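Colleague: I have some labels to check with you. Take me through the reasoning behind each one.

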Amino acid sequence: MNADVRGHHAHDVRIEDTFDFLNTDDLDDGFPVEKLPTLGDALTWFVDRGVIHGEGADRLRAQASIDPPGAERDLARIHAVRSALREVADAIVVHRPPSPGSLDTVNRALHARQVIELVPSFDGCVAVDHRHLGDPIDDALARLCDPLVQELTGGDPERIRVCANDTCRWVFYDTSRTGRRRWCDMATCGNRAKAARHRAKSKAATGGDTNAAAVPSGEPPMDVPPIHLLS
Ligand SMILES: [Zn+2]
């Protein structure tokens with residue numbers, strides 16, 4: 001188990017990349033922060049994650065400089081697929097139906113995926129290659145959606161989590177041995193929760209707040225489902 005739990009199916013895009021993409025629509029202490037505010041930022045992110053070729057991104061940047069409205073439309077498409085995919089991930093986490101519109105958007109993105117084909121290899125045999133059919137942005141979005149599909153078909157979708165810290169809410173994949181991780185990162189969100197419980201406990205001990213007496217001390221029981229329900 002642990003990190004190697006992911007080794008049973010290989011993708012060029014990992015589900016962690018998919019979740020990193022979702023988390024670019026970020027919350028910083030509860031305030032929304034857009035990590036991909038321009039098409040240029042999005043293209044840089046795509047190149048860094050290897051879902052778009054550098055030359056393709058350069059071509060799109062050149063095109064964007066002569067067609068700003070087109071660049072805005074491309075950026076809007078990226079944001080729309082990201083929020084639809086987030087809606088699907090949220091739905092999986094709390095076992096509810098995703099909004100039909102979100103499925104339509106993700107499905108449209110998936111249909112634009114690259115085509116896998118066999119080609120003669122350099123060593124005189126056969127190799128697997130991919131061919132881009134359409135727009136490199138469509139292709140990048142399809143590749144980022146794909147790991148979630150793979151997770152549903154042959155992975156462990158029950159290990160998809162939303163961070164229990166309400167001011168974070170990052171999506172992450174729980175690779176812990178027990179599968180009971182609640183926070184995206186123990187060092188930040190986990191410690192913050194622990195500190196809050198500690199403060200509530202101290203307050204209760206000094207009789208400062210009667211409600212706080214109900215807050216359990218120490219670690220939460222580990223059988224608490226790591227699910228954050230929206231009210
Ligand atoms: Zn978090």
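Modeller: This is a predicted model. Begin with H2 (residues 39–48) and H6 (residues 136–154): their axes come within 11 Å and cross at roughly 55 degrees.

Colleague: Why are H2 and H6 called oblique to each other?

Modeller: Set the angle against the cut-offs. Roughly parallel needs under 35 degrees, and roughly perpendicular needs 65 to 115. H2 and H6 cross at roughly 55 degrees, so they are oblique.

Colleague: What is the hand of that crossing, and which residues make the contact?

Modeller: H2 passes H6 in a left-handed crossing. From H2 come Leu39, Leu43, Trp45 and Phe46; from H6 come Ile137, Ala140, Leu141 and Leu144.

Colleague: How do the residues of the contact of H2 with H6 divide?

Modeller: Into 8 nonpolar, no polar and no charged.

Colleague: Now H2 and H4. Why are these two called oblique?

Modeller: H4 covers residues 68–94, and the axes of H2 and H4 cross at roughly 55 degrees, coming within 9 Å. That angle is neither under 35 degrees nor in the 65 to 115 range, so the pair counts as oblique. The crossing of H2 past H4 is left-handed.

Colleague: What makes up the contact between H2 and H4?

Modeller: H2 gives Leu39, Ala42 and Phe46, while H4 gives Ala71, Asp74, Leu75 and Ile78. They divide into 6 nonpolar, no polar and 1 charged. Asp counts as charged, so Asp74 of H4 is the charged one.

Colleague: Next, H1 and H6. Why are they oblique to each other?

Modeller: H1 (residues 15–22) packs on H6 at about 120 degrees, with the axes 8 Å apart. Roughly perpendicular runs from 65 to 115, and roughly antiparallel needs over 145. An angle of about 120 degrees fits neither, so H1 and H6 are oblique. Their crossing is left-handed.

Colleague: Which residues meet there, and how do they divide?

Modeller: Ile15, Asp17, Thr18, Phe19 and Phe21 of H1 contact Leu141, Leu144, Pro147, Leu148 and Glu151 of H6. The division is 7 nonpolar, 1 polar and 2 charged.

Colleague: On to the metal. How do you know which atoms are the protein donors of the zinc ion?

Modeller: By distance. The cut-off is 2.8 Å, and the SG atoms of Cys163, Cys168, Cys184 and Cys189 lie 2.3 to 2.4 Å from the zinc ion. Along the chain the donors follow the spacing C-x4-C-x15-C-x4-C.

Colleague: What makes the site of the zinc ion tetrahedral?

Modeller: All angles must lie between 85 and 135 degrees. Here the 4 donor atoms give 103 to 119 degrees, so the site is tetrahedral.

Technical notes. Residues numbered from 1 in each chain as written. Predicted model: local features only at pLDDT ≥ 70, side-chain atom pairs only at ≥ 80, totals over all residues. Heavy atoms only, no water. Axes fitted to C-alpha atoms, helices over the stretch in contact; angles between N-to-C directions. Helix = DSSP H or I, 4+ residues; strand = E, 2+ residues; numbered from the N terminus. Left-handed = near helix turned anticlockwise from the far one by under 90°. Contact = heavy atoms within 4.5 Å. Donors = N, O, S within 2.8 Å, 3.2 Å for Na, K, Ca; no water. Tetrahedral: all angles 85-135°; square planar, octahedral: opposite > 155°, others 65-115°.
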